[in-house]
Amino acid sequence: MSKSYDVAVIGGGAIGTAVAFHLTRLGAGRVALFERQQIANGTTAQSSGLLRAHYSVPANMALAKASLEMFEGFGEMIGDEEASAGFIRCGYIIVAPEGESSQAVRGAIAHQAGIGIEARLIDRAEALELHPWLNLDDIDAIGYEPGAGFADPYLTASWFARAAKRAGADIRQGVSVEGLLMDGNRVTGLKTSEGDVQAGAVVAAMNVWSHDLTRWTGVTLPMSITRHDVLAFEVDEPYTPRFPILKDLASPSLLYTRSTSGSQILVGTGDEGVETDSTETVDADIPLDWIVEQGEALAHRMPKFEEARFVTSWSGLYDTTPDWNPVLGPLPGIEGLNVAFGLSGHGFKLSPMIGRLLAQAALGLPTDQPLEPYRFSRFAEGQPLRGTYGAGAVS
Ligand SMILES: Cc1cc2nc3c(=O)[nH]c(=O)nc-3n(C[C@H](O)[C@H](O)[C@H](O)COP(=O)(O)OP(=O)(O)OC[C@H]3O[C@@H](n4cnc5c(N)ncnc54)[C@H](O)[C@@H]3O)c2cc1C
């Protein structure tokens, strides 16, 4: 006889593990998570780990605020004082040149402050006190969010999975989901590499592998896969977490930076990335010219990096929707299935609250925040979720 669960989760990344954790806290009954590799081995392993509530889309801001609070109280939420997400609260500075992006920063900061997020505009003198390496000559607006920072995606997802397991969830690593069991248009379980399982409800958190849902349901997803490269540089003086995260809207590829490995600077970009059909990043070929361009933009903002040494790079994949915001909730015409895809570069910082909302949705409970802004149908309705930054990495 096949196994039977109240709720089955597909995918053991930041999102799937958070869903499984919250399911156990909401009294879901028999919960299972199926991960074909290991916990946090997918795009979660490629993440830069930035946490901030700076968004211009109000729904994202609310999600990020609630998630940041869960990162801050991580041990308490997990119910184990040893539990840690590795959160370093170094703050977040966003700088913009005169023009539209400066207006967007001012508007987003005002909105953040209005919903109780500690965020404010600061002047150059205060910015230089916080981050003495900055050149701010071409900058018009500077936003500051002291409660932001970065955390460890592997630790976070591992603790979510461990806590779910301790609460009785079946965490099945090395097990692939190969299809859905359907009764008409209702999902009733999963076909897995270890046989069929019955499930009262299913949550799919498969990120760039979500196109498999199209094979299983016939519903085409508004999602592309884009490759994004991350670089690390160093100079003799250590770049430590005493420096806040920096988002540079004046740079051509919208750089973000943070401290990494204790003394180096991690540099990522907020550009469109490179579109790909592949869910593999292993052979990513990062053009040298591109690395040099990012190095130059970094040295412009922080002249101490003029003589920087390039240390390392890696590539990761975004699951990107046309408005760069996620789809959360049901697929049209399919019952018993909730999905999360299109997290692009936001999925880690939003994972604690997305996990809670999807767990609530799977159980038919009212959700703490409406999922309606993230509905699948918004693209067909011509109502993409866009804030004042437009479609892109800030959102
Ligand atoms: C370079 C880079 C930098 C980033 N930086 C940040 C950042 O600074 N801040 C931030 O908030 N976000 C960032 N992100 C985004 C964030 O990391 C992701 O959105 C988030 O980790 C996604 O989590 P997930 O659970 O959706 O996906 P994943 O971690 O990819 O998990 C999906 C899992 O599903 C499993 N799976 C798929 N199909 C099946 C199947 N059929 N059967 C069983 N298992 C299956 C996969 O093996 C995988 O483990 C970044 C992403 C990248 C690539």
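These exercises walk through the nonpolar cores and the ligand site of a predicted model.

**Exercise 1.** Find which residues touch the most other members of the largest nonpolar core.

*Solution.* Start with the core itself, which holds 78 residues. Within it, Leu23 and Leu358 touch the most other members. Next, check the domains. Domain 1 (3-49 + 153-222 + 323-378) and domain 2 (89-147 + 224-320) each give this core at least three residues.

**Exercise 2.** List what Leu358 touches, not counting residues up to four places away in sequence.

*Solution.* Use the contact cut-off: heavy atoms within 4.5 Å. Begin at the low numbers: Leu358 touches Ile15, Val19 and Val203, among others. Then move up the chain: its contacts also include Leu328, Gly329, Asn338, Val339, Ala340 and Leu371. Now look beyond this core. A second, separate core has 31 residues, among them Ile10, Ala32, Val175 and Val208.

**Exercise 3.** Identify the residues closest to the ligand, then trace its polar contacts with the backbone.

*Solution.* Step one: count the shell. The ligand is surrounded by 39 residues. The closest are Glu35, Thr43, Thr44, Leu50 and Lys349.

Step two: take the ligand's oxygen atoms. One is 2.6 Å from a backbone N or O atom of Lys349. An oxygen atom of the ligand also lies 2.8 Å from a polar backbone atom of Thr43.

Step three: turn to nitrogen. A ligand nitrogen atom sits 2.9 Å from a polar backbone atom of Val177.

Step four: work out the cover. Alone, the ligand exposes 1000 Å², and the protein buries 99% of that.

Step five: name the elements. Those giving two or more residues to the shell are α1 (14-25), β2 (31-35), β17 (309-320) and α9 (347-362).

Definitions and conventions
Residues numbered from 1 in each chain as written. Predicted model: local features only at pLDDT ≥ 70, side-chain atom pairs only at ≥ 80, totals over all residues. Heavy atoms only, no water. Core = buried A, V, L, I, M, F, W, Y, C linked by side-chain atoms within 4.5 Å. Buried < 20%, exposed > 50% of the residue type's maximum accessible area, 1.4 Å probe, protein only. Domains from an automatic or database assignment. Near = heavy atom within 4 Å. Polar contact = N/O pair within 3.5 Å; in protein donor to acceptor, adjacent residues only side chain to side chain. Areas by Shrake-Rupley, 256 points an atom, 1.4 Å probe, with all protein chains shown as cover. Helix = DSSP H or I, 4+ residues; strand = E, 2+ residues; numbered from the N terminus.
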